[in-house]
Amino acid sequence: MNAAVSVRGLTKRYGDVTALRGVDLEIRPGEVFAILGPNGAGKTTTVEILEGHRDRDAGTVSVLGVDPRRPTRRWRARTGIVQQAADDMAEVTVREVVRHFATYYPRPRDPDEVIEQVGLAGKADARIPALSGGQRRRLDVALGIVGDPELLFLDEPTTGFDPEARRRFWDLIRGLEGTTVLLTTHYLEEAEALADRVAVIVHGRIVAEGDPRTLGGRASARATVAWADGEVETDTPAATVVELARRYGGEVPRLTVTRPSLEDTYLRLIEERSGP
Amino acid sequence: MTTTDTARGLPSALEIGAGRALFELRQFFRERDQVIFTFSLPIVLLVLFGSIFRGRFEGSGVTVAQVYTAALIGAGVLSVSLQNLGVSIAVEREQGVLKRLAGTPMPRSAYFLGKILSVMVMSVAEVTLLLTVAVVLYGLRLPDDVTGWLTFGWVGILGLAAGSLLGIAASSLPRSAKSATAVITLPFIVLQFISGVFIPFTELPGWLVGVASVFPLRWMCQGFRAVFLGEGGAALEVTGSYELDRVALVLGAWVIGGLVLCLLTFRWKSRRDR
Ligand SMILES: Nc1ncnc2c1ncn2[C@@H]1O[C@H](COP(=O)(O)OP(=O)(O)O)[C@@H](O)[C@H]1O
Ligand SMILES: [Mg+2]
């Protein structure tokens, strides 16, 4: 199968600032792909280039087989976009705006069904300025999916949410089966909860990529065995524990066996690359 | 392009444009501030001025109410076109509405079509209300010949076209959504003062008349005076004539100039994202 998104050597400069330094990405159809990185890493720059909203300085980009530098209406109809910042406050209701956006597409979904899916059925007749921040984002998603896109871009969709709202938003994204999703986030748990694959971006470079469970060599990383009187890093923690048990003649005081968490891996990746 | 796109199942720009016009109108008339400042203000002013100044101009039989009606029709048309579009598009740009639209398969022409159609509907409503007030309260006589209505038509259409294009171009001036109203409205109020809307043109110093003559509003008001004041009023003009040929020339030039300005300055993105 052809990649939904394929990026090679993507470079972008804003004046003196180099925002992207040779980004490579390959996103398969149907997968949820997360670009994870701290603020200013280049996440928005990357997705906006893929969306056809920004120009690039170098690199090749193919999104659904099309170079987004020259977006066509047909290509636009196959993609859905949820921007990082969208704060328009028009005096229209949720239902009115979703219905209106549906008319732009050749094969739109049923607007009421979409409103239901994003969890705004109870707010369908509320005007936009009356929505909460979380409800606004749900509306943004509704507008992003009403055209029934093959590929959905979500740029930091849950920034500013409380944990409860974030969990409910994740359920919404999990329900978008069949749609390829490119999500950016600076929340590690979000990438872990939603993504089939994650790319970590720091200072405009992808520093690690893969399954969130094995990211940065996490699965194969050495385990740390720690107990009351010591600590060792080892590839064979079970053997170490057996050895310790023999030495103590039974229970080992304050015994723990740990592997780096995704967070440890992520923080290590960011730190390694943050130096000059 | 539209035909091939439609053949492939994409809705036409005309369809979407008409839908956008309805959407825009609905939005506009729900926005209280906008309705008060751009739509109702000329009507309120007509009621006010017409009640305060009840006299006639000496020797011409022209009533002050007639002069204000002609002037406020000009100002009203620019209000719903230039001022309305200048502010609303600036806000839409800064709040990311334009960027959101640019990310959908909506043809860009449909956006402008929607703006123009909605502004046309607003102008017709605005002018109808102004005329109704003038006829009912001040006994304004509507033109009784075809020539009068024709002049009314072309002055209105050229003025509306120039105002809409200039509004779209002016929307690039404000640096933020918050400043849009001030940046667009203040110069528009000044323009109304120097174009003879509030103060009769004959009372203004020559250099101000010169400045005003560069802009479309003075000529729109003059054209509408030709329609509603009749021959008797021509003597009140600066040159003793309505100069309809110059009205057409200046407004036509602004339509072309406005179109060029739009093509040169229109941006779908805000200053923040380039
Ligand atoms: N329009 C712009 N003009 C100048 N610099 C920009 C612009 N957009 C982003 N940048 C810079 O590019 C870098 C990456 O930004 P961005 O892509 O927004 O990061 P992220 O979305 O990961 O927070 C940052 O250093 C940011 O300051
Ligand atoms: Mg960002």
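In the predicted model, residues 65-91 of chain B form a span that is 100% helix and 0% strand, with its end C-alpha atoms lying 36 Å apart. A second span of chain B, residues 112-140, is 93% helix and 0% strand, and its end C-alpha atoms are separated by 35 Å. Both spans appear in the unreviewed UniProt entry under the annotation "transmembrane region", which also covers residues 35-53, 146-168, 180-201 and 247-266 of chain B.

Chain B is in contact with chain A, and this contact draws on 31 residues from chain A and 29 residues from chain B. Between them, the two chains bury about 2,900 Å², of which 55% is on carbon and sulfur atoms. On the chain A side, A:H53, A:R73 and A:Y104 together supply 27% of the area that this chain buries against chain B, which is more than any other three residues supply.

The interface also holds interactions between polar and charged groups. Across the interface of chain A and chain B, 4 salt bridges are found, and A:D140 forms a salt bridge with B:R100, in which the closest N and O atoms are 2.9 Å apart. In addition, 10 residue pairs are in polar contact between chain A and chain B, counting pairs in which both residues have pLDDT 80 or more. The side of chain A that touches chain B receives at least two residues from each of β1 (5-14), α2 (73-78), α3 (94-102) and α5 (133-145) of chain A. By residue class, this side of chain A divides into 13 nonpolar, 5 polar and 13 charged residues.

How values were computed. Residues numbered from 1 in each chain as written. Chains lettered and ligands numbered in written order. Predicted model: local features only at pLDDT ≥ 70, side-chain atom pairs only at ≥ 80, totals over all residues. Heavy atoms only, no water. Contact = heavy atoms within 4.5 Å. Buried area = accessible area lost by both parts, 1.4 Å probe. Salt bridge = Lys/Arg side-chain N within 4 Å of Asp/Glu carboxyl O. Polar contact = N/O pair within 3.5 Å; in protein donor to acceptor, adjacent residues only side chain to side chain. Helix = DSSP H or I, 4+ residues; strand = E, 2+ residues; numbered from the N terminus. Nonpolar A, V, L, I, M, F, W, Y, C, P; charged D, E, K, R; others polar. UniProt positions renumbered as here; feature names shortened; annotations may be inferred.
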